[in-house]
Amino acid sequence: MEEYYEISTKSLPMIPLRGVWVFPQTVLHFDVGRELSLEALDESLKNDSEIFLTTQKDIYVEEPTSEDYYNTGTIATIKQTLKLPNGHTRVLVEGLHRAVIRNNSEDNSFLTIEVDEYRYQPEKLSMDDKMQAAIRLVFDDCSEYIALDKKLSPEMMLAVLDIEDPGRLTDIIAPYLNLKDEDNFDLLRTFDVYERLVKMHSILQKEIGLLKIEEKINRKVNKEINENQKQYYLREQLNVIRKELGEFSDDAPEDYVDKIKALKLPEDSEKHVLKEARRLETVSPGSAELNVIQNYLDHILDIPWNKRSNSNIDIKYARKTLEEGHYGLMDVKERILEFLAVQKLTDSLKGPILCFVGPPGVGKTSVAKSIAEATKREFVSMRLGGVRDEAEIRGHRKTYIGAMPGRIITLIEKAETMNPVFLLDEIDKLASDFRGDPASALLEVLDPAQNDEFTDNFIEIPVDLSDVLFITTANSTDTIPAALLDRMEIIDISSYTDEEKYKIAVQYLIPRQIKEHGLKDEQIHITRDAIKMIINNYTIEAGVRNLERTIGKLVRKAAVKIVEDDRKKIHVNVANLEQYLGKKRILDDRLIKEDTVGVCNGLAWTQVGGVILEIEANVMKGNGKIQLTGKLGDVMKESAMAAISYIRSNQQQLGIDKEFHKEEDIHIHVPEGAVPKDGPSAGITMTTALVSRLTGRKVRHDIAMTGEITLSGRVLPIGGVKEKVLAANRYDIHNIILPMENKKDIEDIPNNIKRKLNFKFVKNIDEVLQYALV
């Protein structure tokens, strides 16, 4: 053997490959990603681009040692490298010669291996009769293998036939075969050419045997498929003959028939479902249609057609449940009790669909759950946020692959009763696209005059939803389609006052967080002043969701101290509150504390409650340009233009002598520029700020205002009065300017808040300026 190898010793970088074998005289590429391998690659490229390639025994080892890879491999030359976006490098190599590892030396950057290189010299190989016979056997094996394996192209045989050197023959064939690591290693470590040809013959004979078995199995399977097709064809012919003879059976499989008849469906519905059940007789057992029909019938049987909860409305129990579950919300509770009382008297659930509208965290969803508890009904909910496919409501046609009923039907199945309380949460977040408009599909669901015959695309028969108590929630009605809004009765749930938040925290939030975090009431005490500081200086929201989250953080910090310091009780007060919650947020630190020219406090309503906007106006030399910034909406920009038009037409009465609209540029800015703002209620605020800037008169810093302005200077009413007033109180501003027509709205404000505030009701902008400007 050694007579046709020239053996020499080399020291080369090494890359242990995973699942890849490189043979001499073959070209292939692989990706390198491990740091050690990348360093070995770099070292090779710095020298003569030669590298030693071997294969790992276990592909999942990330940092292989000498025990983790085979000791025989191939010395290759690197032809090309390509950096990939994921940080890996794709390498193209050509195998040169076999090599065996002498010893390993590992340094910090790459693996350096000392190997014995076996440089093959074909001219020294003796071509005797045994060698010729072995070559013929391998050629014959290749021809038979290619004929059996359809995945290999005939070009492989041409490549094999072109090989004249028997030493290269096995190395060229091996990469085409999907061999085990043991077989690849055996071929690579066999240096004797004749012995290698014999091993290749043995491997090919084994692979040919496996391919023949696979072909036999395929023929058998195809025969069975053809037989099934034949049976289906004959069965269809038989059904036609039976229909012609009038012998077609009306009996479907008995289990489905009995269950369908026990549902006591309306005549038309039962006829349709039984017709589907009869099809089970004529469908081939292996047909995909069989699963479709069975899935359809199973969903029909899962619908609780005649099951209803024993709902006996008890107004006293309902009132007690609502009082125990929620603090405040008196108007909401009274409206719910009125709703339930009417339904008890009429003995029907048909009536208006309730829609709770309010900021996040004020208890809309929990009120709906309390209604289910008060009426002793099952509760199910469907989140509508982001739903843009009509099939989510109505379902898919059952002919589609993977078809299923819509969420309305599947949730009715889950409730196992036909009269649950069904919450449609965040109905204002519905979307629509090319797949349909879910809002339109909800029109039928939420219309008491139509939902007794709701038809799901999958179910195909009417389902009576008239006994379902539908309740919807929304943060705003602006994005709800008018037709859908018309079918619902709006119940506004407004922001909580600080006093309400305090009582909710004491009665509900703190006990719940203490229980959820494994503590007992006697282990932690939070003072009244500390709770109020959390409300005023650590949260800013209309509801109490963030307040509960902050209390949870405080309780967790206390739990750490109890466990770590072995303390029996934690006292939280104003003095040590920052130890648990960090530095407090002083909510009004951004508001100006002194009278200023061109800056005015406006009141705005958002989906998270009322807020204060500091509107700033500036005037500079120019040619009459008007700039509005702060991500303002179209309506708010129009309000600014109306304010400027009013000032221009009344500049003498306002004490503005110069022609500012020609000689100066105007810039109106609303801070927090990343937050979109819109609406007409900032009209008088922008007017006041601009008049202040043009006249040089300061605006009182202890005043906040809201109202729409017209071109004639009239102040029109606006919405969201309660939330806006609560926002002013939260920021400790007690002088509020409101339109005269909003005087009736202050009745909704709690008396303890109202007593601290001074309201100024105005009819025109002159009254605003007289009161607001110093």
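These are legends for a set of views of one predicted chain, starting with the whole and then moving in on single spots.

Residue numbers run from 1 along each chain as its sequence is written, and side-chain values use heavy atoms, with hydrogens and water left out. As this is a predicted model, local features need pLDDT of at least 70 and side-chain atom pairs count only at pLDDT 80 or more, while totals for chains, interfaces and linings use all residues.

**View 1. The whole chain, with its 26 helices and 24 strands.**
Helices (H or I, at least four residues) and strands (E, at least two) are DSSP runs, numbered from the N terminus. The C-alpha trace spans about 120 × 85 × 70 Å along its principal axes. Its radius of gyration is 41 Å, where a compact globule of 774 residues would come in near 28 Å; the radius is taken over C-alpha atoms, and the globule rule is 2.2 Å times the number of residues to the power 0.38. Buried residues account for 48% of the 774, with buried meaning under 20% relative accessible area, exposed over 50%, and partly exposed in between (1.4 Å probe, protein chains only). Take the contacts (heavy atoms within 4.5 Å) between residues at least 6 apart in sequence: 72% of them join residues at least 24 apart.

**View 2. The surface and the charges of the chain.**
About 39,700 Å² of surface is accessible, and carbon and sulfur atoms hold 48% of that. Areas come from the Shrake-Rupley method with a 1.4 Å probe; for residues, only the protein chains shown count as cover. The chain has 105 positive and 129 negative charges, and their mean positions sit 7 Å apart. Lys and Arg count as positive, Asp and Glu as negative, and His and the chain ends are not counted. Each charge is placed at NZ of Lys, CZ of Arg, CG of Asp or CD of Glu.

**View 3. Thr 26, in the loop between β1 (5-17) and β2 (27-32).**
Thr 26 counts as buried because its relative accessibility is 9%. Its side chain reaches the backbone oxygen of Phe 23 at 2.5 Å, a polar contact (a pair of N or O atoms within 3.5 Å; within protein, one must be able to donate a hydrogen and the other to accept it, and residues adjacent in sequence count only if both atoms are side-chain atoms). Leaving aside residues up to four places away in sequence, Thr 26 touches Val 93, Glu 94, Gly 95, Asp 171, Ile 172 and Pro 175.

**View 4. Ser 49, a non-glycine residue with positive phi.**
Look for Ser 49 in the loop between α1 (35-46) and β3 (50-55). Its phi is about 70°. With a relative accessible area of 17%, Ser 49 is buried.

**View 5. Gly 361, in the loop between β7 (353-357) and α12 (364-374).**
Gly 361 has a relative accessible area of 9%, so it is buried. Its contacts, not counting residues up to four places away in sequence, are Tyr 496, Gly 543, Val 544 and Arg 545. Val 721 is 360 residues away in sequence and 19 Å away in space, C-alpha to C-alpha.

**View 6. Helix α14 (residues 407-415) and the residue that follows.**
Buried in α14 are Ile 408, Ile 409, Leu 411, Ile 412, Glu 413 and Ala 415. Just after the helix, Glu 416 takes a positive phi of about 60°.

**View 7. From β9 (421-425) through the loop to α15.**
Glu 426 is in this loop, and its phi is near 60°, positive even though it isn't a glycine. Glu 426 is partly exposed, at 30% relative accessible area. Asp 437 shares the β9-α15 loop and is partly exposed too, at 29%. In helix α15 (residues 438-446), 7 of the 9 residues are buried: Pro 438, Ala 439, Ala 441, Leu 442, Glu 444, Val 445 and Leu 446.

**View 8. Gly 720, in the loop between β22 (715-716) and α24 (721-730).**
Gly 720 is partly exposed, with 26% relative accessible area. Its C-alpha is 7.8 Å from that of Gly 610, though the two are 110 residues apart along the chain.

**View 9. Phe 139, in helix α2 (residues 129-148).**
At 18% relative accessible area, Phe 139 is buried. Asp 702 lies 563 residues from Phe 139 in sequence, and 100 Å separates the two in space, C-alpha to C-alpha.
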